[in-house]
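Q: I have a model open here and would like to talk it through before I set anything up. Can we start with the core and then move around from there?

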Amino acid sequence: MIKIYGTENSRAMRPIWTAEEMGIDYELIMMPFPPRVFMKEYLDINILGTIPYLIDGDIKMTESVAMTQYLVEKYGPTDLRVMPDEKDYPSYLNWLYHSDATLTFPQTVVLRYKFQEPGVADAAVEGYSRWFVSRLKLLERELEHKEYLCCDRFTIADICVSYAINLAGSLGIEQAYKPNIKRWTDQLFDRPSFIKSRSYKYEEN
Ligand SMILES: N[C@@H](CCC(=O)N[C@@H](CS)C(=O)NCC(=O)O)C(=O)O
């Protein structure tokens, strides 16, 4: 069975949400955050200590967006996937990469210096928060007349990109909730599979 290692409210939500939407069986191992500090034995499983980590037989993956793509491609068919012959396929790929390379990247700096090492680099918290918000221009414009990012249907592009907005909420970057983004996330975050993916907690034995 597929194993997913996660922590609360982390990027693990992307593969968990995808698996829940698809009804895939998986085993979830929830850990304290950050596991490299609070569960050092995790480094024997994932040398990077990052979350999420997915194991499927011999397959081992460390990238949350790639995991969602793997799940829809390996365990489909599913409407969550956009096929290469669909008109929005290039846009779908662009949003998948955009979700991490452009959006969550500045957020990781905010997370580190606002919560993990507070007081060390306040200017970075301020600067990278602003940088993140300015990078939302493209998303806000794209959603002007759209319910979903691609193909007029819910896909993993919505899952991967909206995670950055969910994270912005946890980081206290309220300016992320621009009108179109808010309308879009209001309906996405109402989906039972999203609510379930957020509900998993680490419980100490
Ligand atoms: N690009 C990777 C990034 C993984 C990553 O950095 N995850 C964060 C949590 S959302 C993490 O593991 N932080 C804890 C640490 O670096 O120790 C992905 O999308 O899965």
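Q: Which residues touch the most other members of the largest nonpolar core?
A: Bearing in mind that this is a predicted model, the residues that touch the most other members of that core are Ala 157, Cys 160 and Val 161, and the core itself has 49 residues.

Q: And which elements give two or more residues to this core?
A: Strand 1 and strand 3 do, together with helix 1, helix 3 (64–75), helix 4 (89–116), helix 5 (122–134), helix 7 (156–171) and helix 8 (179–188). Helix 7 gives the most, with 10 residues. As for the domains, at least three residues of this core come from each of domain 1 (2–80) and domain 2 (89–192).

Q: What does Val 161 touch, not counting residues up to four places away in sequence?
A: With those neighbours set aside, Val 161 touches Trp 95, His 98, Ser 99, Leu 103, Leu 139 and Leu 149.

Q: You mentioned domains, so how far apart do the C-alpha centres of domain 1 and domain 2 lie?
A: The domain assignment places domain 1 at 2–80 and domain 2 at 89–192, and their C-alpha centres are 20 Å apart. The contact between them takes 12 residues from domain 1 and 11 residues from domain 2.

Q: Which helices supply at least two residues each on the side of domain 1?
A: Helix 1 and helix 3 each do so on the side of domain 1 that touches domain 2. By residue type, that side of domain 1 divides into five nonpolar, four polar and three charged residues.

Q: OK, switching to the sheet: in what order do the strands come?
A: The sheet is open, with four strands in the order 2-1-3-4 and mixed pairing. Strand 2 (26–30) and strand 4 (59–61) are at the edges with a single partner strand each, so one side of each has no neighbour in the sheet. From one strand to the next, the twist averages 15°.

Q: How many bridges join strand 1 and strand 2, and in what sense do they pair?
A: Strand 1 (residues 2–6) pairs with strand 2 in the parallel sense, over five bridges. Within that pair, Lys 3 of the chain stands opposite Glu 27 in strand 2.

Q: What does helix 1 touch on the sheet?
A: Helix 1 (residues 13–22) packs on the sheet and touches strand 1, strand 2 and strand 3 (53–56), and its direction makes about 140° with that of strand 1.

Q: Is helix 1 mostly covered or mostly exposed?
A: Helix 1 is mostly covered, since nine of its 10 residues are buried. Among them are Arg 14, Trp 17 and Glu 21. The buried residues of helix 1 pack against strand 1, strand 2 and strand 3, and also against helix 3, helix 7 and helix 9 (192–199). Just after helix 1, Gly 23 takes a positive phi of about 70°.

Q: Which residue other than glycine has a positive phi near 60°?
A: That is Asn 9, whose phi is near 60°, and Asn 9 sits in the loop between strand 1 and helix 1. Asn 9 is partly exposed, with 17 other C-beta atoms within 10 Å. Asp 152 also has a positive phi, near 55°, and belongs to the loop between helix 6 (137–142) and helix 7. Asp 152 is exposed because 10 other C-beta atoms lie within 10 Å, and the cut-off for exposed is 12 or fewer.

Q: Where is the peptide bond to Pro 34 placed, and what is its omega?
A: The bond from Phe 33 to Pro 34 is cis, with omega near -10°, and Pro 34 is found in the loop between strand 2 and helix 2 (35–38). The bond from Gly 76 to Pro 77 is cis as well, with omega near 5°, and Pro 77 lies in the loop between helix 3 and helix 4.

Q: Last one: is Asp 100 buried or exposed?
A: Asp 100, which lies in helix 4, is buried, because 21 other C-beta atoms lie within 10 Å and 20 or more is the cut-off. Leaving aside neighbours within four places in sequence, Asp 100 is in contact with Val 65 and Phe 105. From Lys 3, Asp 100 is 97 residues away in sequence and 22 Å away in space, C-alpha to C-alpha.

Methods
Residues numbered from 1 in each chain as written. Predicted model: local features only at pLDDT ≥ 70, side-chain atom pairs only at ≥ 80, totals over all residues. Pairing = 2+ DSSP bridges. Axes fitted to C-alpha atoms, helices over the stretch in contact; angles between N-to-C directions. Contact = placed C-beta atoms within 7 Å. Core = buried A, V, L, I, M, F, W, Y, C linked by C-beta atoms within 7 Å. Domains from an automatic or database assignment. Nonpolar A, V, L, I, M, F, W, Y, C, P; charged D, E, K, R; others polar.
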